[in-house]
Amino acid sequence: MGVGQTPAFVSSKPKACARRRPIMNWSKENAQTCPRPRIVSFRLDSFFLLEVHIIPLLVYHTPMAIKFYSLGAAEEVTGSKHLLEIDGKSYLIDCGSFQGSRAESDRKNRDFGIEADRIEAAILTHGHLDHCGLFPLLTKKGYKGNIYATPASRDLASLIMMDSANIQARDAEYLRAQAEKKGEKFTWTPLYEEKDAIQATSQMLGVSYNRPVFIDSNLKLEFFDAGHILGSAMAYLTVKGGDGKEVNILASGDLGRPGKPIIRDPAKPPAPDYIVLESTYGDRLHENTDDAMNKLAEITKRIVSTKGKLLIPSFAIERTQELVYYFHLLTDEGIIPEIPIFVDSPMATNATTIFQVHPECYGEEIKEAFIKHHKNPFGFNSLQFTSSVLESKALNDRSGPLIIISADGMCEAGRIQHHLAHNIENPNTTVLIVGFMAENTLGRRILEKADEVRIHGMLLKRRAAVQKINAFSAHADYGEAIKWLKSLDTSRLKKIFMVHGEPKSQAVFKKHLEDAGFPNVDIVKYGQVYDLS
Ligand SMILES: [Zn+2]
């Protein structure tokens with residue numbers, strides 16, 4: 001395995017054969033239409049035989065040069081941007097936003113690392129911001145090619161990219177006003193606008209699971225269920241060389257977990273030569289997914305008995321729909337009584353609509369429980385989606401028992417802050433934490449049961465009970481990831497490239513992988529080139 005040091009191609013100019021082509025088969029005829037121009041660029045009229053007989057031999061028997069490198073999510077968990085270079089042509093896997101402190105993420109997001117028109121085709125594994133958030137910037141910078149995604153990922157990504165454009169526009173207004181107050185010059189501009197998000201969506205081509213397509217004459221893509229969120233996919237790429245040799249590369253995207261509600265378990269693609277594997281929870285074991293519903297039932301029964309309110313800060317995509325799905329099941333089965341449940345987040349409401357129109361992503365359990373009986377899993381009598389601010393405020397005056405599911409997931413913004421401000425001093429309130437709470441967030445302080453919390457500038461006494469369910473994670477822990485790896489045909493596996501994880505987690509995960517019989521693991525470094533030829 002040769003390992004280069006710097007990606008020299010990052011600043012190089014587009015190659016002559018970097019033209020766009022439609023999906024095609026890699027038949028011999030097609031292969032002949034796109035020989036590597038660097039090999040056949042000289043013309044020797046007097047050597048007719050050479051041109052007719054020898055050059056095709058060169059084309060068909062030249063081993064391919066395959067390189068892999070990452071320009072994001074290398075030793076970190078945001079900004080996924082991985083590249084495959086095949087005979088000098090670049091293919092992008094995910095184009096996500098960096099998230100973190102404003103200054104650092106802004107700098108990283110603007111430093112794209114590769115010229116947009118150098119990219120031949122792009123792939124999106126799923127609709128989370130850290131995987132799709134920079135596609136509008138890519139198209140703004142001149143990328144004209146296709147972005148392959150499952151239909152559900154396309155829809156979710158569209159929602160997320162538009163939301164990101166809106167947030168940036170609002171940030172620009174706010175920062176401009178702040179600068180004007182201080183008499184400072186204001187120069188910051190959003191990374192992209194709504195029109196760029198619309199352009200990115202227009203370049204997304206829906207490709208269903210298990211429907212292989214040729215994204216170039218020598219490159220086949222097939223999506224397999226990743227079990228992470230609706231529409232999430234592993235990208236299984238087969239590169240065919242002129243010598244007939246095939247190299248299979250499996251990019252896991254974010255690897256999900258078995259037993260999650262709504263979607264199917266992670267699939268088992270055919271034997272890969274290389275795996276690009278995420279490592280978010282490489283040092284952790286989660287609670288069993290089965291525990292989530294039981295705990296939810298217990299907590300709900302408690303607020304019914306105290307006539308309290310249950311506030312659940314939740315991410316708009318997947319977590320909210322999972323909660324709705326569980327509450328629907330619990331109500332249907334009579335485990336909890338019918339009490340009002342409100343989804344109070346416009347983003348979550350829009351995302352739920354997308355969940356409703358993609359039953360092709362559903363697992364057997366949800367089909368058995370709802371679809372078979374012509375029932376909408378995300379709609380039932382006691383569930384309401386509030387849209388206007390007035391409706392949201394009206395919830396303040398309602399008495400319990402009731403449940404409010406609202407964003408943002410870490411309580412740093414959004415309507416959940418209003419609900420917390422109104423209810424956190426009431427001992428009959430329960431706040432249920434179902435997701436990761438980063439340090440220095442309101443959600444983290446509540447999780448740590450701080451006696452006082454500051455919301456909207458007010459210092460409030462926390463009298464509400466705090467509960468936590470750890471079973472909702474959408475990422476495989478190390479045990480689940482290893483079990484999944486062992487279920488694959490690894491007879492031709494040469495190497496695992498570890499991405500999308502913090503260094504501490506990756507070091508532990510590498511050790512677990514070695515112990516489990518996977519000794520060839522490289523922790524991918526930013527910009528370092530790995531040879532897959
Ligand atoms: Zn994700």
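Are α7 and α8 roughly parallel or roughly antiparallel to each other? Keep that in mind as you open the viewer; this is a predicted model, and a look at confidence comes before the helices.

**Stop 1: colour by pLDDT**

Colour the chain by pLDDT. The average is 87, and 88% of the residues score at least 70. Now select residues 1-60, where the pLDDT is below 50. In the model this stretch has 58 contacts beyond near neighbours in sequence. Where pLDDT is low, the predicted coordinates should not be read in detail. You may like to fade residues 1-60 for the rest of the tour.

**Stop 2: α7 and α8**

Next, select helix α7, residues 151-182, together with helix α8, residues 194-202. Their axes lie 8 Å apart and the packing angle is about 165 degrees. Angles over 145 degrees count as roughly antiparallel, and so α7 and α8 are roughly antiparallel to each other, which settles the opening question. Turn the view to look through one helix at the other: α7 passes α8 in a right-handed crossing.

Show the side chains at this contact. From α7, pick R154, S158, M161, M162 and A165; from α8, pick E194, D196, A197, A200 and T201. Coloured by class, the α7 and α8 contact shows 5 nonpolar, 2 polar and 3 charged residues.

**Stop 3: α7 and α11**

Keep α7 selected and add helix α11, residues 346-356. The axes of α7 and α11 come within 10 Å and cross at roughly 165 degrees. How are these two helices oriented to each other? With that angle, α7 and α11 are therefore roughly antiparallel. Their crossing is right-handed.

For the contact itself, α7 supplies A152, D155, L156, L159 and D163, while α11 supplies M347, N350, A351 and I354. By class, the residues of the α7 and α11 contact divide into 6 nonpolar, 1 polar and 2 charged.

**Stop 4: G409 in its loop**

Finally, centre on G409, in the loop between β15 (402-406) and α14 (415-423). Is G409 buried or exposed? Count C-beta neighbours inside 10 Å and you get 25, so G409 counts as buried; the cut-off for buried is 20 or more.

Which residues does G409 touch, leaving aside those up to four places away in sequence? Select P313, S314, F315, R319 and G435 to see them. To end, draw a distance from G409 to G435: the two are 26 residues apart in sequence, and their C-alpha atoms are 7.0 Å apart in space.

Methods
Residues are numbered from 1 along each chain as its sequence is written. This is a predicted model: local features need pLDDT of at least 70, side-chain atom pairs count only at pLDDT 80 or more; totals for chains, interfaces and linings use all residues. Axes are lines fitted to C-alpha atoms, for helices over the stretch in contact, and angles run from 0 to 180 degrees between N-to-C directions. Helices (H or I, at least four residues) and strands (E, at least two) are DSSP runs, numbered from the N terminus. Angles under 35 degrees count as roughly parallel, over 145 as roughly antiparallel, 65 to 115 as roughly perpendicular and the rest as oblique. A crossing is left-handed if the near helix is turned anticlockwise from the far one by less than a right angle, and right-handed if clockwise. Two residues are in contact if their C-beta atoms, placed from the backbone, lie within 7 Å. Ala, Val, Leu, Ile, Met, Phe, Trp, Tyr, Cys and Pro count as nonpolar, Asp, Glu, Lys and Arg as charged, and the others, Gly among them, as polar. pLDDT is the predictor's confidence in each residue, from 0 to 100. A residue is buried if 20 or more other C-beta atoms lie within 10 Å of its own, exposed if 12 or fewer, and partly exposed in between; C-beta atoms are placed from the backbone.
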